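Grab a coffee and your favourite viewer. Below are a few exercises, each with a worked solution.

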Amino acid sequence: MIRTVERKRAPGLAERERPLVAEPPARPPVQPARGAALSAAAVAGLQARAGNAAVSRLLARQPTATAVSPLREAYDKARAERDTFVKSAKRGPQTYDPAKRNADNYYGGFDVEYDPSKEEIGITLRGAVLFLPGITIDDTGRAQAAETSAQTAAAIDKINKMAAIDRPAAALQWQWATAGGPDATDEKDFLDNFKSSVESTWRKQHPFHCTRQYWEDVGATTEIKVEVAKVDAAADKTGAQHMLVNAHKVPKHFVGGDADVSRPAGKAAGAFGNVMNVTSEDVVERHDDMLRRNVSFQHGKGLLAPPSVGTVWRLAKEMPNPKPGATIETAGLTARVQGRDADQRADRYAAVLDHLKQGGGVDPARVKFEDGGEGDRGQLTIGDGKRQTVVAHESGHMFGLDDEYTGAGAYGPGKKTEHTDFAAAAGQTGAMHAASDSVMSGGSKVRPHHYVTFLDALKVVSDIPEWTYGAKQAVNPPSDAGDFPLPPKIDADGNGTAIA
Amino acid sequence: LPDGPEPLLLERRVETGSDAFVQRITADGGLWTQSTVDADFVDGEWRFGAAEPAWRQDDTLAPEDVEALRAAIRRSAFFATDAEHHPDVPVIHSSREVWTAELDGRRHTSTLHGRGTTHVPALAALADAFEAALASADRR
């Protein structure tokens with residue numbers, strides 16, 4: 001039987017002062033031996049038989065010079081243990097392998113430590129960076145791709161259509177400065193920007209606190225430390241570095257490129273067996289705009305232009321509504337609409353809403369109107385619209401998180417990610433593949449469920465399983481009387497109801 | 001994407017996310033390209049952006065190069081390869097290489113996931129033959 005709890009509160013009273021349940025009638029009087037010590041178990045037993053108020057009166061009659069509330073004893077003991085913990089030495093560092101904690105995971109790794117005196121969880125990610133060309137010129141004078149994306153393939157095609165004598169100059173911008181490339185400080189810039197972008201994106205986003213009784217004022221803020229250093233060969237990566245970073249040089253303002261994380265030797269390779277492939281431009285904000293879609297309207301009408309109907313429908317399919325009961329925030333949409341006047345802009349906004357509804361059932365409550373002034377254009381912005389820095393996203397994989405953007409197959413809109421169940425077990429439900437401003441989708445926002453591996457790592461390194469999301473809380477000692485676990489409430493059918 | 005020129009002999013499609021760069025050689029030796037991405041080198045600077053996908057013919061292979069390519073396709077055992085090749089270990093967010101060939105009345109497509117990580121001998125042989133054909137056209 002599912003039992004429910006109903007707490008009735010008198011407005012304006014603090015919780016401890018409120019009469020939470022009515023005292024059951026016709027209970028036998030409580031008559032323990034005068035002056036006898038009452039254990040917590042004895043108090044609980046008395047409450048079950050006689051009720052909370054009766055036990056409160058009983059305890060109030062105990063000689064004040066010798067009686068100590070058993071809950072007060074428990075409080076004092078817990079606080080002493082808590083104080084000892086807070087004054088104790090730092091826990092860790094130790095290595096966290098996401099694949100050993102989440103059955104769906106097969107990548108990532110970092111070190112974790114917890115400093116009780118600072119109430120700080122430290123996450124350290126170390127990488128060995130191998131600087132590689134994006135394009136080389138082979139012995140026959142033809143350009144060959146080292147970077148494997150469609151964008152570089154297009155550049156290769158462009159170079160190989162040049163006269164052979166012109167090709168080396170075009171390929172030069174795909175070389176690091178140490179190999180003759182034109183950007184003098186590019187390797188240092190890469191290392192500095194990698195560190196700063198990952199640290200600034202991920203640090204101090206969501207506090208944790210301990211949920212052990214009377215330890216709720218112990219907190220944990222997350223600090224991120226990224227240590228990346230150049231190596232001359234892949235074999236030079238040390239055993240303490242979690243990843244080899246293959247950094248392919250591309251020209252400034254390059255758009256796109258391959259970025260991925262894997263464990264080439266398999267899941268069993270562990271937290272230090274990762275390879276990250278990125279380009280030299282992946283340490284700065286993307287030059288393309290993944291969170292915006294441009295549309296146009298039929299001149300003089302309140303209707304979308306035919307090509308824009310497809311744009312809106314495709315976007316709608318990529319932005320499924322949250323599943324019922326989901327606790328994770330789902331990105332909204334801002335529709336900036338132009339028109340001849342306010343009436344036409346309103347008509348056009350209604351058309352956008354209509355196509356979002358038809359195309360993917362997007363809940364209109366997720367969409368916000370923005371007046372774009374006069375004209376026939378519009379722009380749809382997903383979430384906060386902030387551009388992503390790719391290494392911040394890829395480092396999310398190192399922190400044990402899957403992609404959340406959409407694609408074919410397992411990446412279909414609304415499908416579960418490889419961290420969905422793991423996050424749900426920590427109370428963050430509804431993670432899915434969707435076009436979003438989340439850092440693991442197309443944006444830069446680190447949401448609470450992206451901290452799920454940090455939360456788990458905190459439990460591991462502190463050897464305390466009772467941690468959860470949220471800022472630390474005030475802890476008050478129990479009052480000397482009346483603040484006890486409450487007895488079952490008896491309903492009309494005689495069933496007891498558990499009190500949470 | 002628009003339909004490609006026919007009859008097809010061999011096509012390599014590099015896909016990164018929703019972007020694609022495609023090179024196709026037709027049975028008569030036509031060398032065609034199509035791309036959703038643009039890379040341009042102007043006044044010593046690279047410029048990148050999106051491109052409207054449309055097929056354009058860049059060159060025509062010599063008949064002997066077409067015959068060499070046909071022979072290489074037959075030798076590669078491409079038509080016996082699986083339709084999908086995944087890396088030994090999952091790779092988060094990598095490019096794909098989609099090969100399609102038509103020869104001797106058969107047409108087959110095989111997708112290499114995790115480009116640069118996954119190695120399939122039959123597809124590597126096709127890539128070598130494809131590059132040799134392009135290099136030969138380049139030398140003429």
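**Warm-up: contacts in the two chains**

Residues 24 or more positions apart account for 56% of the contacts in chain B with a separation of 6 or more. Keep in mind that this is a predicted model.

**Exercise 1.** Find what share of the contacts with a separation of 6 or more in chain A comes from residues 24 or more positions apart.

*Solution.* Take the contacts of chain A with a separation of 6 or more, then keep those whose residues lie 24 or more positions apart: that gives 72%. For chain B, the matching share is 56%.

**Exercise 2.** Work out whether the radius of gyration of chain B agrees with that of a compact globule or departs from it.

*Solution.*
- Start with the expectation: at 140 residues, a compact globule would come out near 14 Å.
- Now the model's value: chain B has 15 Å, so the two agree.
- For the outline, the C-alpha atoms fill a box of roughly 45 × 40 × 25 Å along the principal axes.
- As for burial, 53% of the 140 residues of chain B are buried.
- On the outside, chain B exposes about 6600 Å², with 48% of that supplied by carbon and sulfur atoms.
- Last, the charges: chain B has 14 positive and 25 negative ones, and their mean positions sit 4 Å apart.

**Exercise 3.** Trace the sheet of chain B from edge to edge and say which strands stand at the edges.

*Solution.*
- First list the elements: chain B has two helices and 10 strands, running β-β-β-β-β-β-α-β-β-β-β-α from the N terminus.
- Seven of the strands make an open sheet, ordered 6-3-2-1-9-10-7, with mixed pairing.
- Strand 6 and strand 7 (84-85) of chain B each have a single partner strand, so one side of each lacks a neighbour in the sheet; these two are the edges.
- Now step inward from strand 6 (residues 56-60) of chain B: four bridges tie it, antiparallel, to strand 3, and T33(B) faces R56(B) there.
- On to strand 2 (residues 19-26), which is antiparallel to strand 3 of chain B over five bridges; here T33(B) has Q23(B) opposite.
- Strands 2 and 3 of chain B form a hairpin with three residues in between, and G29(B) in the turn has a positive phi of about 95 degrees.
- One more step: strand 2 of chain B pairs with strand 1 (residues 8-16) through eight bridges, antiparallel once again, with V22(B) opposite R13(B).
- Check the cover on strand 3 (residues 30-35) of chain B: five of its six residues are buried.

**Exercise 4.** Over in chain A, decide whether D403(A) is buried or exposed.

*Solution.*
- Locate D403(A): it's in the loop between helix 10 (390-398) and helix 11 (420-425) of chain A.
- Apply the cut-off: buried means under 20% relative accessible area. D403(A) has 0% relative accessibility, so it counts as buried.
- For a spatial reference, K415(A) is 12 residues away from D403(A) in sequence and 11 Å away, C-alpha to C-alpha.
- For context, chain A contains 12 helices and 17 strands, and 49% of its 500 residues count as buried.

**Exercise 5.** How many residues of helix 5 of chain A are buried?

*Solution.* Go through residues 150-160 of chain A and you'll find 10 of the 11 buried, which leaves helix 5 mostly covered. Among the buried ones are A150(A), Q151(A), I156(A), D157(A) and N160(A).

Definitions and conventions:
Residues are numbered from 1 along each chain as its sequence is written. Chains are lettered from A and ligands numbered from 1 in the order in which they are written. This is a predicted model: local features need pLDDT of at least 70, side-chain atom pairs count only at pLDDT 80 or more; totals for chains, interfaces and linings use all residues. Side-chain values use heavy atoms; hydrogens and water are left out. The radius of gyration is taken over C-alpha atoms; the globule rule is 2.2 Å times the number of residues to the power 0.38. Buried means under 20% relative accessible area, exposed over 50%, partly exposed in between (1.4 Å probe, protein chains only). Contact means heavy atoms within 4.5 Å. Accessible areas come from the Shrake-Rupley method with a 1.4 Å probe; for residues, only the protein chains shown count as cover. Lys and Arg count as positive and Asp and Glu as negative; His and the chain ends are not counted. The place of a charge is taken as NZ of Lys, CZ of Arg, CG of Asp or CD of Glu. Two strands pair if DSSP finds at least two bridges between them.
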